[in-house]
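Okay, everyone, thanks for coming. Let me put the next one up on the screen, and then we'll walk through its surface together.

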Amino acid sequence: MDFLAITHSLVDGLVDDKDNLIIREVPSDRPNVCNILIAGSDEDVRKIIGKKGNVINSIREILIIAAKLSHKHVSVKVESFSDDKEENKEQNSEEIKEEQ
């Protein structure tokens, strides 16, 4: 079963910036385990997670049901990335060095 295709079909409609959305399968030591990583901008990740995690929990449940049909286990991890945060960290560290 193609868990990445299922994940894309569930997540693509939720996000604004599909070009910056990353959905990958992370390798696992066990053959019956599929680890899915979803990464996107902070704003898109908020939409994927939803209030109280309702949206991501629903996505996980759908993938778990699909995995059971294939006699597999699936896990989903969501991460955000933001260029602004990295720039702010660099600026703050440079300011601290200048003050010293």
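So, a quick one to start: does Ile-65 count as buried or exposed, and at what relative accessibility? Have a look while I remind you that this is a predicted model. Right, Ile-65 counts as exposed, at 53% relative accessibility; the cut-off for that word is over 50%. You'll find Ile-65 in helix H3, which covers residues 54-69. And Ile-65 has nonpolar company: together with Met-1 and Leu-69, Ile-65 makes a nonpolar surface patch of about 350 Å².

Now on to the charged pairs. How many salt bridges does the structure hold? Two.

Let's take Asp-16 and Lys-47, where the closest N and O atoms are 2.3 Å apart. Asp-16 sits in the loop between helix H1 (3-11) and strand E1 (22-26), while Lys-47 belongs to helix H2 (residues 42-49), so this salt bridge ties together parts that are 31 residues apart in sequence. As for exposure, Asp-16 counts as exposed, with 56% relative accessibility. Its partner Lys-47 is partly exposed, at a relative accessible area of 32%.

The other pair is Lys-77 with Glu-79: a salt bridge again, with 3.2 Å between the closest N and O atoms. Here Lys-77 counts as partly exposed, at 48% relative accessibility, and Glu-79 is partly exposed too, its relative accessible area being 35%.

That's my tour: a nonpolar patch made by Met-1, Ile-65 and Leu-69, plus two salt bridges. Over to you for comments.

Definitions and conventions:
Residues numbered from 1 in each chain as written. Predicted model: local features only at pLDDT ≥ 70, side-chain atom pairs only at ≥ 80, totals over all residues. Heavy atoms only, no water. Salt bridge = Lys/Arg side-chain N within 4 Å of Asp/Glu carboxyl O. Helix = DSSP H or I, 4+ residues; strand = E, 2+ residues; numbered from the N terminus. Buried < 20%, exposed > 50% of the residue type's maximum accessible area, 1.4 Å probe, protein only. Patch = residues over 30% accessible without salt bridge, like charges linked within 9 Å, V, L, I, M, F, W, Y side chains within 5 Å. Areas by Shrake-Rupley, 256 points an atom, 1.4 Å probe, with all protein chains shown as cover.
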